[in-house]
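Colleague: I have a multidomain model open and want to learn how to read its interfaces. Can we go through it step by step?

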Amino acid sequence: MRETTVSRRTFLKGSAATAALACAAGSISLGSWQAERAAAAEPAVTATAPSLCNGCSSKCGLIATTVDGQLWTLKGNEVHPYSKGRICGRGHGLAQMAYSDERVTQPLRRKDDGTFEPIDWDTAFKEIGAKVQDIIAKNGPESLAIIQDPRPSGKQYSARFMNALGSANVYAHSSSCNLSKESAYQLTIGATGYSNDFANAKMVMFIGRSYGDGIRPSSVQSLADAAEHGTRVVIVDPRLNNSGIFASDWVPINPGTDLALLMAMANVLIEEDLYDHDFVEQNTYGFEEFAEQAKEYTPEWAEKITDVPAETIQELARSMAKAAPAASIESGWRSVIGCSYKNSFETARAITAINSLLGCWGAKGGALITSSPKAGAIEDARFKAPAKPAAKRIGDAEYPLVLASAGTNVAALQATLEGEIKGLFFYNSNAAKGYAQPKKWTEALEKTDLVVTIDVQMSETAQQSDYVLPEVTYLERLELPEFVGGKKHYVGMRTVALEKIHPETRTCDEIFNGLAEACGVGEYFQFTAEDWAEAQLATVGVSLDQMKKEGVVELPDPHFEYGVPTFKTASGKFEFKTDKVGEAGLNPVIGWIPRKVTPQSGEFAIVGGKQGIHSHTMTQNIEALHAISREYHMERLWMAAKDAADLGVQTGDTVEVSSSEHTGQVEVRVTQRLKPGVVFLPTHYGGDAPAQTRAYHYGISLTDFIPLDAEPGVGSMMSQEVAVTVKKVEA
Ligand SMILES: Nc1nc2c(c(=O)[nH]1)N[C@H]1C(S)=C(S)[C@@H](COP(=O)(O)OP(=O)(O)OC[C@H]3O[C@@H](n4cnc5c(=O)[nH]c(N)nc54)[C@H](O)[C@@H]3O)O[C@H]1N2
Ligand SMILES: Nc1nc2c(c(=O)[nH]1)N[C@H]1C(S)=C(S)[C@@H](COP(=O)(O)OP(=O)(O)OC[C@H]3O[C@@H](n4cnc5c(=O)[nH]c(N)nc54)[C@H](O)[C@@H]3O)O[C@H]1N2
Ligand code: SF4
Ligand SMILES: [Mo]
């Protein structure tokens, strides 16, 4: 930490800036402390320290400034490629978690009556260790699992811990995020993602993904710049989302039918001979079969399924071909292709197929596959990894197309329901509310012998655990380095920006080291996160001191160049056809698959989406962010004006929403920005954890309405495979 003293004058200036920021972004509120501090006679001590935001997977670089040890401001790190000097509103708001009155501040053990009692760490570790060893003795290590949303330290410590115990059951959040997409891209293009060269693009089509709602600061900026210099931006979405201000076209579509639109675009590109012959001949595998199959998928056929006029589909395909290779389909994240439907994996494959027909891979203005850096091998024997567990990860056999680095947590849930998994750990994960049908999670957690959750607050998952282990918040801990790829390469890191606020909370490495010791595998954990970070950084020639000062460091230039990339696929080419997909019992050639549930007359399709100031369930109880939600009634269900008129519903009225799984009541927002027949629900509400008093039962949550099922091949949760009925609740 760099320490400086500031005069009272500069301090006051800082205070005004903070107040402005707090208004703009719903930022940290430190109560009367700021006023007291400003009125104090002695000079304040300010310090800055770099960290990475914990608000979402972007993990943007930030600089935290403290005054007399209290958090004063956060600002984006200029060097970090995702923040580029800015963090988003929820990134500012999340900082309030450190000072929340509803944090977990001591290890907790659940009593028979369901309430919790505080215990000390030694007791917690000892009891958990004994139960883990008992489970291993009775059922083998393969009956243990951990589920985590990958955090810089968390992902490495979780895997090391499970592997040391002899279990391969390490799962990410991905089945409820981007699993279908990343699994699909890995097979078609040999990488889990790509970027769109907005700076040079003439035309970009978005299928669902919205930068204006599912925010990453650098993405919003690149889209704004593209719109500024005249790029045609097409939004395909049943809802006119908040990227609309940058868009030229809104194409409303029936939810879950984007695959038909894409196949019909392929049909037009091939039948009208508008595709890039050179690219297809030299760089692709399976084109003949793809083209043969695509003959059926005419724009007229697709119109019936998507409700997008055939002429619109033709125009889009022709315009994309005209703009090619400076035209591409945006790479997506969660919506549509991540985990939503029975055809999400196939829709993701189809997106890459269109980019191939346009010949835009590696082209200026097209779709770019870039490289990522990583830490090299560490010589020091202290860090030697545990042996690979004998048994394979549960779910990998049933879902053979799943991305190896993610696994499917739906399979873990299914295995727990079937009694195969006896002990479950959660790290920075609210799986029981966010990853699949919550009632099923409750049923599963009741069946296990041991559930341990490592969290900072009493989440829905924590509240159903046997033990809750309180971590310090992200601003209070140093973590392992996080590598970021792209046209340039970077490494970022969290350092200690705030001294520990609650004495009985611990860092990720302290918690896993304690657990490992108690479970008899402490030999793999004889170091701190700082030791491991230093060793990892050394492999890329960066010192810990430099990281502590700068937080984000640019690594040697990978010398990105435009040009057709190497496709690291089974055939070494772009794959219109993947044999492994055929072996999994699906059509090896990219083609049409309908969604599983088609709403019938009197029913609505329900779609979800992010809101700019919230992250998943994590921010629902943050005081300032929650207050903004209430002020603007952000929990409301969107309904098309035509449907509202039919049901006699107006903005502010309460409706009852029902599916096969759940019934809930929520207020309505009537809008022209939605396709009739569809309702839209923001995904950050409907909290069920009583200890989160602000969020508890505010709004409703989409996961409650979804039946437990998994997408064939990959095991994603199919977060939108449901139809609902909506009726007005008479006041
Ligand atoms: N504010 C905020 N930003 C975030 C996050 C967050 O929690 N909050 N989380 C980050 C993470 S982890 C993720 S995964 C990303 C997610 O980012 P996105 O993938 O952009 O996620 P969503 O907001 O769920 O969905 C975007 C749009 O898809 C539309 N949509 C829904 N169903 C369909 C459909 O069937 N067809 C089409 N064409 N469109 C559909 C919705 O109406 C919505 O406008 O956001 C990241 N950024
Ligand atoms: N209902 C609902 N479900 C969702 C989504 C949604 O928007 N709504 N989004 C989906 C998507 S796109 C994704 S990526 C996943 C995300 O999945 P998760 O990462 O599980 O997201 P959250 O629901 O925010 O839960 C994160 C949990 O981590 C805890 N946490 C926060 N900071 C820390 C920390 O520093 N240390 C520890 N140990 N814990 C911490 C939070 O208190 C919270 O309980 O959820 C998916 N499921
Ligand atoms: S996009 Fe926002 S919430 Fe996500 S890491 Fe960046 S600043 Fe944090
Ligand atoms: Mo996500």
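Colleague: How much area is buried between domain 2 and domain 4, and what share do carbon and sulfur atoms give?

Modeller: Keep in mind that this is a predicted model. About 1,200 Å² is buried between the two domains. Carbon and sulfur atoms give 39% of that area. On the domain 2 side, K433, Q437 and Q457 lose the most area to domain 4. Together they make up 43% of what that side buries.

Colleague: Which residues belong to each domain?

Modeller: Domain 1 is 6–38. Domain 2 comes in three pieces: 106–176, 395–477 and 498–543. Domain 3 takes 189–369 plus 561–582, and domain 4 is 601–707.

Colleague: How far apart are the C-alpha centres of domain 2 and domain 4?

Modeller: They lie 31 Å apart. The contact draws 14 residues from domain 2 and 17 residues from domain 4.

Colleague: Now the charges. How many salt bridges cross this interface?

Modeller: First the idea. Side chains of opposite charge can pair when their charged atoms come close. Here, the rule finds two salt bridges across the interface of domain 2 and domain 4. As for K433, its side chain meets that of D688 in a salt bridge, at 3.4 Å from N to O. Polar contacts add to the picture: 13 residue pairs across this interface. On the domain 2 side, α15 (431–434) and α16 (438–447) each give two or more residues. That side divides into three nonpolar, seven polar and four charged residues.

Colleague: How many salt bridges does the rule count in total?

Modeller: The count comes to 35. One pair to look at is D101 and R694, whose side chains meet at 3.1 Å, N to O.

Colleague: Why does that pair tie together parts far along the sequence, and how many residues apart are they?

Modeller: Look at where each residue sits. D101 lies in the loop between α3 (89–94) and β5 (108–110), and R694 in the loop between β27 (678–682) and β28 (723–728), so the salt bridge links parts 593 residues apart in sequence.

Colleague: Last, the ligand. Which residues come nearest to ligand 2?

Modeller: There are 28 residues around ligand 2, and D149, G434, D455, T617 and T683 come nearest. Then check the polar atoms. A side-chain N or O atom of D149 is 2.5 Å from an oxygen atom of ligand 2. H616 places a polar side-chain atom 3.1 Å from a nitrogen atom of the ligand. With M618, the partner is a polar backbone atom, 2.9 Å from an oxygen atom of ligand 2.

Key: Residues numbered from 1 in each chain as written. Chains lettered and ligands numbered in written order. Predicted model: local features only at pLDDT ≥ 70, side-chain atom pairs only at ≥ 80, totals over all residues. Heavy atoms only, no water. Domains from an automatic or database assignment. Contact = heavy atoms within 4.5 Å. Buried area = accessible area lost by both parts, 1.4 Å probe. Salt bridge = Lys/Arg side-chain N within 4 Å of Asp/Glu carboxyl O. Polar contact = N/O pair within 3.5 Å; in protein donor to acceptor, adjacent residues only side chain to side chain. Helix = DSSP H or I, 4+ residues; strand = E, 2+ residues; numbered from the N terminus. Nonpolar A, V, L, I, M, F, W, Y, C, P; charged D, E, K, R; others polar. Near = heavy atom within 4 Å.
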